[in-house]
Amino acid sequence: MRIAESDLHEDRFSRLRLISWWDQAKIANCRLLVVGAGALGNEILKNAALLGFRKVVVVDLDRVEESNLSRTVLYRQQDIGEFKAQVAARAYHSLHSDAEVQPLALNVVNDCGLGLFEWSDVIVAGLDNREARLWINRSAWKMNRPWIDGAIEGINGVVRAFLPGTPPCYECTLGEVDWALLERRMSCNLLMLEPAPEGKVPTTPTISSIIAGIQVQEAIKLIHGLPILAGKGYVFEGMNHSSYVVEYTENTDCMSHHTVSEIVHLAEASDEFTLAELLARAQKHLGTKEVVIEFSRDVVQRLVCPACGEKEDKFAAIGSVPFETARCPRDGQLRTVVSFHRYTGTEDFGSRQLSQLGLPRFDLFLARHGEREVGFIPYGDAPSVLGPLARELAAS
């Protein structure tokens with residue numbers, strides 16, 4: 001028997017293919033959205049690069065600090081001060097040079113449009129606060145996408161997986177204490193208070209490795225159609241190395257359980273047509289004039305001083321406007337917030353371009369008539385958000 005030399009050569013992923021059910025092409029073609037590039041995010045990205053994920057977007061607003069260096073494998077001393085997302089993307093490419101990695105130095109709650117979630121096949125999150133988790137949960141459900149959550153503290157951690165359309169979801173797991181902490185993030189007039197100290201959590205690189213490893217392993221199983229921790233949590237207790245799985249129960253009043261069944265990809269970008277023009281297009285699509293456009297999040301339109309009547313237009317997502325801006329610059333009075341979450345055609349901001357509403361690019365605009373709803377996403381925004389990963393969208 002003669003064996004060709006080519007048969008003896010092992011490529012990068014040969015040992016992985018020895019697993020009977022392994023399909024490397026499924027991993028390479030998977031669109032992976034990683035939210036958070038801290039201790040967990042570093043390990044998630046490292047594992048994803050080694051396993052061969054080639055289409056990756058990483059979202060993180062923060063910059064590298066010296067305290068990160070003891071818990072992050074992708075960062076170096078010279079990276080201090082740079083955006084984590086950008087440094088992590090470079091490091092990912094150094095591990096897997098064939099990959100396309102798009103860094104987004106953005107706040108996932110206020111600055112990322114729902115088109116980003118729709119683009120993804122699976123979302124893996126390494127976050128340190130409930131607000132971002134809740135937003136990802138609602139966005140993933142709305143866009144019909146699965147997501148895998150990880151949380152660590154000290155030498156303990158938990159992994160949870162959530163499938164759209166299959167409760168329980170993350171919001172179902174929240175209790176009274178969780179909601180009380182979430183409410184502290186917003187003032188009574190819906191402006192953002194000082195960030196909660198959730199991000200200063202004691203952790204070690206060892207627990208990050210364990211929890212992120214389980215997260216990415218769940219993603220691999222999900223991609224291959226294998227059973228995962230759907231609606232369940234894997235808890236690891238590091239002191240005695242014990243672990244167990246918990247099952248969550250559905251909250252029938254949960255606000256997250258909504259999926260948009262019909263989505264239209266618009267060729268234009270959000271700065272190429274106005275809100276009134278979008279309404280006209282939605283009316284034509286739905287075959288009726290009785291259409292309302294709903295937004296993915298509430299928007300602060302303006303601040304109004306009740307004492308002097310001074311008005312200041314904002315057009316910014318609620319949660320992105322800090323509380324310290326609420327005082328009137330003339331008389332120091334606390335101003336009233338005027339906000340909106342939909343457009344009926346009669347409001348005074350219809351002539352604004354979609355990009356001038358205070359909403360992120362590549363976002364979802366939901367047109368509703370009675371029980372029927374259609375989501376519209378300006379796919380002309382894709383290149384500015386997805387970078388090189390938008391090429392495949394144009395090709396398809």
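These legends describe views of a predicted protein model, beginning with the whole chain and moving to strand S10.

**View 1. The whole protein, with 12 helices and 14 strands.** The C-alpha trace spans about 85 × 50 × 45 Å along its principal axes. The radius of gyration is 23 Å, which agrees with the value near 21 Å for a compact globule of 396 residues. Of contacts between residues at least 6 apart in sequence, 67% join residues at least 24 apart.

**View 2. Surface and charge of the protein.** About 18900 Å² is exposed, and carbon and sulfur atoms supply 50% of this area. Of the 396 residues, 50% count as buried. The side chains include 41 positive and 52 negative ones, and the centres of these two sets lie 2 Å apart.

**View 3. Strand S10, residues 292-304.** Because 11 of its 13 residues are buried, S10 is largely enclosed by the rest of the structure.

**View 4. S10 beside strands S12 and S13.** S12 (residues 336-343) runs antiparallel to S10, and seven bridges join the two. Here Glu294 stands opposite Arg342 of S12. S13 (residues 365-369) is also antiparallel to S10, with four bridges between them. In this pairing, Phe295 stands opposite Phe365 of S13.

**View 5. The hairpin of S10 and S11.** Five bridges pair S10 with S11 (residues 311-317) in the antiparallel sense. Val304 has Lys311 of S11 as its bridge partner. Six residues lie between the two strands, and Gly309 in the turn has a positive phi of about 80°.

How values were computed: Residues are numbered from 1 along each chain as its sequence is written. This is a predicted model: local features need pLDDT of at least 70, side-chain atom pairs count only at pLDDT 80 or more; totals for chains, interfaces and linings use all residues. Side-chain values use heavy atoms; hydrogens and water are left out. The radius of gyration is taken over C-alpha atoms; the globule rule is 2.2 Å times the number of residues to the power 0.38. Buried means under 20% relative accessible area, exposed over 50%, partly exposed in between (1.4 Å probe, protein chains only). Contact means heavy atoms within 4.5 Å. Accessible areas come from the Shrake-Rupley method with a 1.4 Å probe; for residues, only the protein chains shown count as cover. Lys and Arg count as positive and Asp and Glu as negative; His and the chain ends are not counted. The place of a charge is taken as NZ of Lys, CZ of Arg, CG of Asp or CD of Glu. Two strands pair if DSSP finds at least two bridges between them.
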